[in-house]
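Q: Could you take me through one part of this protein slowly, as if I were new to reading structures? I would like to look closely at how charged side chains pair up.

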Amino acid sequence: MSNRIIKKVAVLGSGVMGSRIACHFAGAGLQVLLLDIAPKELNDAEIAKKLSLDHPAVKNRIVNEALAAVVKSNPSPLYTKDVIKKITTGNFTDNMKDISNYDWVIEVVVERLDIKQSIFTEVEKYRKPGTLITSNTSGIPIHLMAEGRSDDFKKHFCGTHFFNPPRYLKLLEIIPTPFTDPEVIGFLLHYGDLYLGKTTVLCKDTPAFIANRIGVYSIMSIFNLVEKLNLNIDEVDALTGPIIGRPKSATFRTADVVGIDTLVKVAKGVYENCPNDEAKNTFIVPSWLEKIVDNKWLGDKTGQGFFKKTKSKSGEKEILTLNLQTLEYGERKKPKFVTVETAKPVDDLKSRLKILINGTDKAGEFYRQFHYSLFSYISHRIPEIADEIYRVDDAMMAGFGWEIGAFESWDVFGVEATAKKMRDAGFVVAGWVDEMIASGAKTFYKVENGKRFYYDVITKSYKIIPGGDAFIVMKNFENETVWKNSACHLYHLGNDVLGLEWYTKLGTIGGEVLEGINKSIGIAEEKYKGLVIANEGANFSAGANVGMIFMLAIEQEYDELDMAVRQFQNTMMRARYSAIPVVTAPHALTLGGACELSLHSDKVIPAAEAYIGLVELGVGLIPGGGGTKEFTMRASDEMHEDEPETINLKNRFLTIATAKVSTSAYEAFDLGILRKGKDFVSINQGRRIAEAKNAVIEMYDDGYIMPVQRKDVKVMGRSVLGTLYSGIHGMWRGNYATDHDVVVAKKLAYVMCGGDLSEPSFVSEQYILDLEREAFLSLCGEKKTLERIQSVLKGGKPLRN
């Protein structure tokens, strides 16, 4: 079997989904051709310019405008702005012939079988044999699209269903036909995972595939419970959001975002096309939902749905909620349930779920009815939509943002005990579950030696989840615990590599986390190859514990504050100057102190969706854990004889002074946080820890030598300090900076220039660290700084630009 290499991808259809898929492929480093139809009529601007329908600007107007609109959308579909250069646009009339030079052609046109078939007829004329050809359809049976096509086309054709927006939602459903070559299926499952950062899920060619089938069932079953338990929209969304490990958009807000008409279309499609679905009546659209669609209240796309944005009498923005009985909008109400209030303080999701399902109020009854219904449904979908249970859980977590899959949730409650409660409540459990329990298998999943196994329905035995070696989940190594405290856990990940994680709120770094880092490095130096620092939380870390800083500053405990800052600096330097390699694998928010830890690591392997930055200026401080020192040192190393010595220093000063946060890990290279040729991005977040472990082993095997602290850092002193002060003053005069911003920025400039030195000099890292710490401590005494910190603490949100 020859190696298949993908260098160029053609995307047919430039609607929102097509353009976003094109952006994602380009972000993965591929050359992309994006095509769409040519206009049949001139618009007013083209008429005014006296252009004809044959003019290239006219012919490509639809595709160019569609791509431009998507590029402007927020959040951005692009990892960096330069990615757009990899996309070439064209039209079906002139450029369909160009697909002969492309390795993969993906169709993303309107959801009509006849139109898709006409596109494939044109594709057949030009595609070279062996080229992959796939469809992004979300509902049309894949086998119907393959009808009438050549054998080579059928062999290389299947469904590849991306979820929107494809950069951020990780699910990629792979749906083969009976004619699809198994090599093509295997290739797409692997390629989507490794190169596109996707959770690739093999699906059967059944209505709505896996994620939408289960997801829409879940929503429709909740709609039924609304009537049964007399719940309102605000109550349901309070019950079905983060409290149970679901997105903040919960149920009704999710419907508004997706489009209520889209939800209804999928529900009706399942009802009409799944006659043997035992729960098909759940997909019957309630009368109140039909009225909402008839009213064109379709959600965000029409400006109102289950929620409506408006302005109050005072002119402030407010969100109204729809009353499902009167179909009138009213003020949102914050519901209170005893069960929910009891569970809220519990951070661990699995422990929280147990509290919720055992509640004695209406919320508890909702959770029992909801989960029992869901468990019954998923048990009957095996083997209809998938042969393996983990594919269902993977699809829901990657496509709908569930923190925990449905089968895994069932494990949490106890499979056998829950099955009995389900029967007592009138719910039917699929026969294979009873067989599993009778065989002595008590859970759907189990972990052995750090590897995760699933119960295989076909062989009636446990099998290891494929590809597990590439995906390390630290908690799976619970039995390999080397050391722990109340905030941290240190595991042996195998191959003599340690892994440290912590689980503080927002991943904040306080005294216990610093203890964990120091202890882990010390243990690794004794008898291991190296250390990986990562975690599985929603975010890697929002930075240092500013609450602790605030309390010490308010109480004027400056000796304690000085000791805390020294401890942070020393820990960062310990990470840099240890006898073993330290690799950090951050994801999502990596702010302040977490960014500083990354700056001091031997190597950083972030997830593509890592938002990294030194944000301390936002609360009136400067980076005090070695971040200012590190940026100063890197600016020194970047000085070249053929360009002004100050340019890199100024750029790095501005990055800190404006509290810039990268919008992706790739952008962090442009900000100078990540190092080209040394750090690298793991586009699949699930792979980053395994890749970090491999990096530790590689550095160890290459003969890792502990670095020597630097004493050759070039600082510019007064020669640049005056220039930076002048720039700061200019920002103040232009009303871009407050009086306090000026104070903070001048402190930063002072440190980065090495202080008030009469001429450029070479200094040590410790010299800059001392300046950094002094500046940090002095700013902690500023009233405005304390007010800003207090504001952040009250908001309960991480500081972010």
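How many salt bridges does a search of the whole structure find?

A: Happy to! Please keep in mind that this is a predicted model. A search of the whole structure finds 51 salt bridges. Side chains of opposite charge can pair when their charged atoms come close. Let's visit a few of these pairs in turn.

Start with K350 and E408, which form a salt bridge whose closest N and O atoms are 3.4 Å apart. K350 belongs to helix α16 (residues 349–357) and E408 to helix α19 (residues 406–413), so this pair ties together parts that are 58 residues apart in sequence. How exposed are the two partners? K350 has 40% relative accessibility and therefore counts as partly exposed. E408, at 15% relative accessibility, counts as buried, because the cut-off for buried is under 20%.

Next comes D562, which forms a salt bridge with R773, with the closest N and O atoms 3.3 Å apart. Here D562 sits in helix α24 and R773 in helix α32, so the pair ties together parts that are 211 residues apart in sequence. Both of these residues, D562 and R773, are buried.

It is worth pausing at the helix that holds D562. Helix α24 has 19 residues (558–576), and at 1.5 Å a residue it should span 27 Å; the C-alpha atoms at its ends are 27 Å apart, which agrees. D562 has buried company in α24, including L561, A564, V565 and F568. What covers the buried residues of α24? The cover includes α22 (511–527), α23 (546–554), β19 (582–584), α25 (593–600), α26 (627–637) and α32 (765–780). Notice α32 in that list: this is the helix where R773, the salt-bridge partner of D562, lies.

Our third pair is D756 with R718, a salt bridge in which the closest N and O atoms are 2.8 Å apart. D756 lies in the loop between α31 (739–752) and β24 (761–763), while R718 lies in helix α30 (residues 718–733), so the pair ties together parts that are 38 residues apart in sequence. D756 has 45% relative accessibility and so counts as partly exposed. R718, at 48% relative accessibility, also counts as partly exposed.

Finally, salt bridges can share partners: R213, D277, E278, R381 and E384 are joined into one network in this way. Try finding these five residues in the structure yourself, then go back to D562 in α24 and its partner R773 in α32.

How values were computed. Residues numbered from 1 in each chain as written. Predicted model: local features only at pLDDT ≥ 70, side-chain atom pairs only at ≥ 80, totals over all residues. Heavy atoms only, no water. Helix = DSSP H or I, 4+ residues; strand = E, 2+ residues; numbered from the N terminus. Expected span 1.5 Å × (residues − 1). Buried < 20%, exposed > 50% of the residue type's maximum accessible area, 1.4 Å probe, protein only. Contact = heavy atoms within 4.5 Å. Salt bridge = Lys/Arg side-chain N within 4 Å of Asp/Glu carboxyl O.
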